[in-house]
Structures are given as structure tokens and as C-alpha cells.
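Open your viewer, load the model and keep the selection box handy. We will go from stop to stop, and at each one I will tell you what to pick and what is there.

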Amino acid sequence: TMSFSAVAGSQHIYSGASQPACRFAPSLPVQWMHPHCTMSAPGTHTKARTSPYPGSSVTRASVPDDRVSWSVAWPEYKPVEFTARPVLARPVWADPEIGESGFSPKFNTLDGKVQRRSLTGSYEVVDGRPRNPMGRTGITGRGLLGRWGPNHAADPIITRWKRDNTGARVTHKHSGKNILEFVSIKRIDCGEWAIPGGMVDPGEKIGATLKREFGEEALNCLQKSDTERKALEERLNLLFSQEQFEVYKGYVDDPRNTDNAWMETEAVNYHDDTGTVMDNIPLEAGDDAGKVKWVEMCKECRLYANHAQFIQLVAAKRDAHWN
């Protein structure tokens with residue numbers, strides 16, 4: 001993957017005033033980790049019903065808001081079947097097709113080393129296929145996702161306080177609150193800005209995934225020499241031993257979701273309160289990231305999937321500026 005150097009300083013990623021960064025259902029069965037932070041939830045899972053499907057010309061069957069829930073009878077529902085060729089090629093991270101000889105997945109449990117439990121609770125299995133717990137998406141199959149059912153990811157949210165040339169924290173002129181910055185990457189696959197993160201490998205602990213993905217995408221560890229990697233590893237260990245809290249745990253409104261495969265994540269905030277740890281860790285995009293930079297947290301941030309909601313929760317937890 002071609003890498004780009006980090007952009008110096010923090011920047012804004014803004015959306016238009018009429019475009020909310022993310023939307024999802026009021027009944028979304030997830031675990032918000034800050035009791036005093038309320039989210040706007042104007043509709044059912046939205047990005048999981050957009051067309052064309054990412055990386056293709058496939059158009060989903062249209063699913064109106066009042067027909068998303070499986071509890072609503074809809075015998076005329078005719079979703080499009082689609083699984084991308086790279087998934088069907090059977091890479092190590094992908095399941096075989098349902099019904100293929102020798103493949104008998106055990107859903108709603110730990111299947112060998114593959115975690116098929118959902119963070120949202122038990123999900124239905126119909127005709128041998130798991131059913132998206134958030135409802136219809138207009139597409140069956142797996143699309144770009146490797147696993148039938150939940151596909152587990154981890155998103156490390158690395159933060160620090162914005163500081164001036166003297167090292168003092170910068171406050172927002174309207175809210176009067178300190179401004180938080182977070183590390184953001186520009187995804188190569190879709191061009192959207194996002195929190196660094198990636199898939200949890202079979203048998204891998206969530207903490208290991210968080211550290212590995214940040215190193216690969218925001219520090220370009222995969223392209224470093226053994227000596228450089230060892231030095232970065234020591235700094236990463238220090239960073240990931242900083243104060244932390246679990247921001248979010250559950251379903252993600254992701255454009256790759258289908259009726260039978262969907263994204264779930266655990267987002268964890270690691271906060272460098274003094275800024276001294278991250279000062280010694282140079283940002284450099286790598287792996288799935290085209291660019292990386294520090295970004296100021298604010299309500300105008302437009303990010304991939306549910307990521308804007310994640311950083312809002314962090315801002316609330318840290319009592320930082322948001323709007």
C-alpha cells in the first residue's frame with residue numbers, strides 16, 4: 001500500500017449543515033458507554049441500505065423505513081444476492097459458502113477460534129443463514145464481508161488536548177471548553193475519513209487488535225525495519241497503557257452490511273493527557289490508510305459509518321468542546 005506522510009497539525013473534517021454524519025435507529029441494541037450523552041436517531045440503519053454497494057455497481061432492493069424490521073411481514077421482499085469475488089476466492093479471513101461440503105458454522109457461539117456471537121445478543125438463523133439483527137438491507141449474501149453473521153472489528157480512538165505554542169490547552173471561543181484532537185485516517189477503499197481500526201483475527205484479544213491496527217494504519221509499522229518496529233512497539237505499549245475507557249460496543253451502520261453479514265465493533269479511547277507520549281510517535285499512513293492526521297473534535301466532523309457518534313461520546317466523557 002502506498003503511504004503518505006502525515007499532515008502537520010490538526011485539521012477539521014466538516015460536513016454540510018444539512019448532512020448528519022451518521023444516523024441509526026432509536027432501538028439500536030448497542031451499549032453506549034456514557035450515560036449523559038444523547039444521540040440524534042432520526043431513522044433506521046441508513047448506510048446499510050445505500051446503493052450502489054461499495055466497490056460494485058450492485059443496487060440494493062429498496063427497503064422503506066417501515067419495512068426494515070423483520071417483525072414486519074413483507075412476503076414481496078426480494079433482496080439482491082451478492083458476494084464479492086475476493087470473498088468467494090476464499091482468502092484466509094473468509095468463510096466458505098453456506099452449504100459447501102465440510103462447512104458447518106456454529107452461530108451464536110464461539111466457533112473454534114471464530115467469534116460468531118453478536119455484541120447485540122442472540123440473532124436468528126433462517127434457512128441456515130444468520131439474519132441481520134437490525135433488519136433488512138436489500139442485499140443477501142456477504143457482499144465484501146468475510147464472515148457469515150457478525151464481523152468483529154476494533155477501533156482505537158487516540159486523543160490529546162490541542163495546545164498552543166506555549167503548551168497551554170486551547171479552549172474554544174464559543175463553548176469555552178478545551179479542544180480535543182484525535183487521530184484520523186483517510187480510507188483507501190472509499191475515500192472517507194475514519195478512526196483507525198480493523199478486523200479482529202480469530203483467537204485475538206481485543207486489546208491486541210486495537211494496538212496492531214493503530215500501528216499498521218496510523219504509524220505504517222508494516223513498512224518499518226525491525227529496529228524501527230521495536231522502537232515503535234515500546235512507544236505503543238506506553239500509549240496503550242494510558243488512561244482508557246470503552247466508548248462503544250455493538251452493531252455498526254456500515255455500507256458493507258447485508259441481510260446475512262454485518263459489522264460490529266468495540267471502540268476504545270486511549271487518552272494522552274499530557275501529549276508527551278504522542279509527541280514521540282510520528283504519524284505515517286500505512287496499510288488501508290491513504291492519509292493520517294490529527295483532527296479537532298466537533299459536531300461538524302463527517303466520518304465513516306458510526307464514527308462521528310463515537311467521537312461525540314469521547315468529547316462528552318472528557319468534557320471537551322463539541323458544539
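## First stop: a threonine in a loop

Select Thr-120, which counts as buried at 19% relative accessibility; the cut-off for buried is under 20%. Thr-120 sits in the loop between β5 (114-115) and β6 (125-126). Now add Ser-118 to the selection: the side chains of Thr-120 and Ser-118 make a polar contact at 2.7 Å. Bear in mind as you click around that this is a predicted model.

## Zoom out

Show the whole chain as a cartoon. You should find five helices and 15 strands. How much of the chain is buried? Buried residues make up 50% of its 323 residues. Switch on the surface next: the accessible surface comes to about 15,100 Å², and 49% of that belongs to carbon and sulfur atoms. Of the contacts with a separation of 6 or more, 72% are between residues 24 or more positions apart.

## Into the largest core

Hide the surface and show side chains for Ile-158, Val-183, Phe-214, Leu-239 and Met-278. These five touch the most other members of the largest nonpolar core, which has 23 residues. Colour the elements that give two or more residues to this core: β9 (149-161), β10 (180-187), α2 (206-218), α3 (226-239), β14 (261-272), α4 (276-279) and β15 (289-296).

Then centre the view on Met-278. Which residues does Met-278 touch, not counting those up to four places away in sequence? They are Ile-158, Val-183, Phe-214, Leu-239, Asp-272, Leu-283 and Trp-294.

For a second, separate core, select Phe-245, Met-297, Leu-303 and Phe-310, which are among its 22 residues.

## Along helix α2

Select α2 and look at it side-on. This helix has 13 residues and reaches 18 Å from its first C-alpha to its last, close to the 18 Å expected at 1.5 Å a residue. Its buried residues include Thr-209, Leu-210 and Phe-214, and also Glu-213, Glu-216 and Glu-217. Just after the helix, stop at Asn-220, where phi is positive at about 55°.

## A buried glutamate and its partner

Move to strand β10 and pick Glu-181. Is Glu-181 buried or exposed? With a relative accessible area of 4%, Glu-181 is buried. Show Arg-160 as well: its side chain makes a polar contact of 2.7 Å with the side chain of Glu-181.

## The cysteines

Select the cysteines and look for disulfides: the structure holds zero of them. Cys-298 is in no disulfide, and the nearest cysteine sulfur, that of Cys-301, lies 4.0 Å away. Why does that pair not count? A disulfide needs sulfur atoms within 2.5 Å, and the sulfur of Cys-301 is 4.0 Å from that of Cys-298. Cys-298 is buried at 5% relative accessibility. Click on Cys-221 too, which is buried with a relative accessible area of 12%.

## Across the chain from Arg-67

Jump to the loop between β2 (31-32) and β3 (80-83), where you will find Arg-67. Arg-67 is partly exposed, with a relative accessible area of 30%. Leaving aside neighbours within four places in sequence, Arg-67 is in contact with Val-72, Trp-74 and Arg-136. Try a distance label from Arg-67 to Gly-135: these two are 68 residues apart along the chain, and their C-alpha atoms are separated by 8.5 Å.

## Backbone oddities

Most residues other than glycine have a negative phi, and most peptide bonds are trans. The last selections depart from that pattern.

- Pro-52 is in the loop between β2 and β3. The peptide bond from Ser-51 to Pro-52 is cis, with omega near 0°.
- Asn-108 is in the loop between α1 (85-88) and β4 (110-111). Its phi is positive, near 65°, and Asn-108 is partly exposed at 28% relative accessibility.
- Asp-127 is in the loop between β6 and β7 (129-130). Asp-127 has a positive phi of about 55° although it is not a glycine. At 77% relative accessibility, Asp-127 is exposed.

Conventions:
Residues numbered from 1 in each chain as written. Predicted model: local features only at pLDDT ≥ 70, side-chain atom pairs only at ≥ 80, totals over all residues. Heavy atoms only, no water. Helix = DSSP H or I, 4+ residues; strand = E, 2+ residues; numbered from the N terminus. Buried < 20%, exposed > 50% of the residue type's maximum accessible area, 1.4 Å probe, protein only. Contact = heavy atoms within 4.5 Å. Areas by Shrake-Rupley, 256 points an atom, 1.4 Å probe, with all protein chains shown as cover. Core = buried A, V, L, I, M, F, W, Y, C linked by side-chain atoms within 4.5 Å. Expected span 1.5 Å × (residues − 1). Polar contact = N/O pair within 3.5 Å; in protein donor to acceptor, adjacent residues only side chain to side chain.
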